[in-house]
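Let's take a walk through this structure together. Please keep the model open beside the text as you read.

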Amino acid sequence: MSSRKAPGKARRAGRRVDPLKWWREARFGMFIHWGLYSVAAGYWRGEPIPRLGEWIKKHANIPQDEYAQLAKQFNPTKFNAARWVGLAKQAGMKYIVITAKHHDGFAMYDSPCSEYDIVDATPFGRDVMKQLAAACRKAGIRLCFYYSQFQDWAEPSAGQSAEDQDANKRGLEGYLRRKCIPQLKELLTQYGPVGLIWFDTPGGMTLAQSLRLRRLVQRLQPACLVSGRIGNEVGDYASLGDNQIPRRGAEGDWETPATINDTWGFKRQDHNWKSAATLLYLLVDLASKGVNYLLNVGPTAAGVIPAPSVTRLREMGRWMKVNGEAIYGTAASPFPYTHRWGRITQKDGKLYLMLLRWPRGKFILHGLRNKVRRAYLLADRRKMIAVSQRHDRKLDHHVLELSLPSRAPDKYVSVVVLELTARPNVDQRPIQQGDGRISLQPHLATIHMPDKAAAIRLTRGGVTDGWVSTRNWLSWQFKVFRPGAYRVDVVMARGRSKNVTYGHKVKVTMGAASVQGLTSAKKVSIDPATRYFPEASTTIGKLGIEKPGTRTLAIHLVKLPKGEKPGLALASVELVPLK
Ligand code: JFZ
């Protein structure tokens, strides 16, 4: 659904100011899902309705005339634009994307072309977007609109589901002409400068239709961006799946829209709030991969952002105040993998080491070829940290050691700045990490495909896809420094579906030795980053490494379990030192 490339970027090259500049520097934005569904708040006729709150019309099968009655109860007397914008600002967010019209078709602003809007149909009768636009302008925050261009459940000729491929046969063109295009014009002319239009679920829209909307936006506001979900790959940047965290840094411009609990639109019964620690971890993780984090709040029908969201955003803001330099305007880590101790971003010849775990002894980083001029904590810039660097010529191995204070300055993520004497220069091959682990991921492997008919591909997240042939295999060359015995873990991505089969027979070979085993679901990790995308790790044996140097490791698929079609979704092979 989300597009891979952002061709809009190339098309816009040659302009004096890159229209994506502010968006790239922002890194952190607030998503707001607010609409008639917030009145229902996850319940219909006294019954709790499962899944996403803003989808309640579909999930509870509510007829249009009954759903429209919710407007009569929509009276957000506690709405205060300055307070919402103030919260975003406090959290360190630089843009706000609010639902101007979600799939339910109800316009949350004064829409002259429709009566199905907040001004004509609710007792409140005021244009909240006018107030938000003013508050944003004052606070220096970019206001952006979510607009469901394809799905409109109040219009039978529009898309009726994300997958709907028949809308064009039912008269999508008429809906585009009568409602979608006029409403986009309204949004782009009534509220001053708009940062971007967040289109969503393009479904069966044609390339011509996506382009027509794109050109309309550009004509009315040349600097306004459009999200990747405009469809047909004509957006300015690409969206990952909701709540999706890629395992590797991605080329191009990306954003992950994400929830604080498990719904976008407010639901009374959803108390599954992620902790501030998890939210900060996600922010840091995404930044290290060059991805923007668009974090959602779902205000109540009274106009209040739920208290658990407010406390968490304030907590994030306290961290951003001290450490924001490691996030704003940074680029993805120069390392092609993540580290277990934390994440890295870079900017202007500096590396920001964002430590999720504070080391007990010395902090060790392998593979950085640069000379470090100085090192310090963002929490205390005046106190320099002692740095020692050495280079083993024979192995071409660079080691950096930092003598950090014994206690972490931050309870969530502490940031160490390394000022380099030149642009970052990092060994791009897999390498043993400071804690002795060796993590071998498919995007760093050589993929061998003698069986061309069954090609192994990599998903956007960096997991193998279509690995069904036992003749195809992966190998890695990596550097190791610590001889000894290692546990061999094969990590599988389970994807979204729960009915993934296990029992792939795999064989891992290093030199003359090999171990073999069956994948299983016994150890499923629910890392916060993969809460929605769990991984299952299986230990298949032990392998020894006798001396330091470059080694080659290969993994073969020996046998697929019966009935398995998608193949082996490999996330990594881990060598864990045994002491
Ligand atoms: C869409 C909406 O349907 C949903 O209500 C919410 O607004 C969300 C932000 O966007 O849902 C999607 C759209 C795309 C994907 C997943 C959910 N995707 O590409 O994985």
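**Strands, rings and buried corners**

One strand pairing makes a good place to begin: the bridge partner of K523 in β29 is S537. K523 belongs to a short strand, β28 (residues 523-525), which is joined to β29 by three bridges and runs antiparallel to β29. Two strands count as paired here if DSSP finds at least two bridges between them. Helices (H or I, at least four residues) and strands (E, at least two) are DSSP runs, numbered from the N terminus.

Before we go further, a word on the ground rules. This is a predicted model, in which local features need pLDDT of at least 70 and side-chain atom pairs count only at pLDDT 80 or more, while totals for chains, interfaces and linings use all residues. Residues are numbered from 1 along each chain as its sequence is written, and side-chain values use heavy atoms, with hydrogens and water left out.

How confident is the predictor? pLDDT is its confidence in each residue, from 0 to 100. The protein has a mean pLDDT of 93, and 94% of its residues reach 70 or more. Among the elements, strand β4 (residues 95-101) has the highest mean, 99, and helix α1 (residues 7-12) the lowest, 46. The pLDDT is below 50 over residues 1-11, a stretch that has 33 contacts in the model beyond near neighbours in sequence. Contact means heavy atoms within 4.5 Å.

Now back to the strands. Strand β29 (residues 535-545) also pairs with strand β25 (residues 484-493), in the antiparallel sense and over ten bridges. Within this pairing, R487 has K542 in β29 as its bridge partner. β25 is joined to β31 as well, by eight bridges, and the two run antiparallel. Here the bridge partner of Y486 is P577 in β31. Strand β31 (residues 570-578) is in turn joined by three bridges to strand β20 (residues 438-440), again antiparallel, and L440 stands opposite V573 in β31. β31 is mostly covered, with eight of its nine residues buried. Buried means under 20% relative accessible area, exposed over 50%, and partly exposed in between (1.4 Å probe, protein chains only).

Next, turn to the aromatic rings. Rings of Phe, Tyr and Trp (its six-membered ring) pair if their centres lie within 6.5 Å; planes under 30 degrees apart count as stacked, over 60 as edge-to-face and the rest as tilted. A search of the whole structure finds 17 such pairs. In one of them, the ring centres of F31 and W264 are 5.7 Å apart and the planes stand at 70 degrees, so the pair is edge-to-face. This pair links distant parts of the chain, 233 residues apart: F31 is in strand β1 (residues 28-32), and W264 is in the loop between β9 (254-258) and α12 (276-288). Both F31 and W264 are buried. Another edge-to-face pair is formed by F335 and Y337, at 5.9 Å centre to centre and 65 degrees between the planes; F335 and Y337 are buried too. F31 and W264 also belong to one aromatic cluster with Y146 and W198.

Some rings have a charge over them, which here means NZ of Lys or CZ of Arg within 6 Å of the ring centre and within 35 degrees of the ring normal. K94 lies over the face of Y328, 4.5 Å from the ring centre. R268 lies over the face of Y43, at 4.0 Å from the ring centre.

What about the cysteines? A disulfide is a pair of cysteine sulfur atoms within 2.5 Å, and a search of the whole structure finds zero of them. C113 is in no disulfide, and the nearest cysteine sulfur, that of C180, is 9.7 Å away. C113 counts as partly exposed because its relative accessibility is 34%. For C144, the closest cysteine sulfur is in C224, 7.4 Å away, too far for a bond. C144 is buried, with a relative accessible area of 0%.

Two small residues round off the tour. G204 sits in the loop between β6 (196-199) and α11 (207-220) and is buried, at 14% relative accessible area. Leaving aside neighbours within four places in sequence, G204 is in contact with F150, D164, Q165, N168 and Q209. S309 is in helix α13 (residues 307-323) and is buried, with a relative accessible area of 2%. With neighbours within four places again left aside, S309 is in contact with I260, W273 and V297.

Note on methods
pLDDT = per-residue confidence, 0-100.
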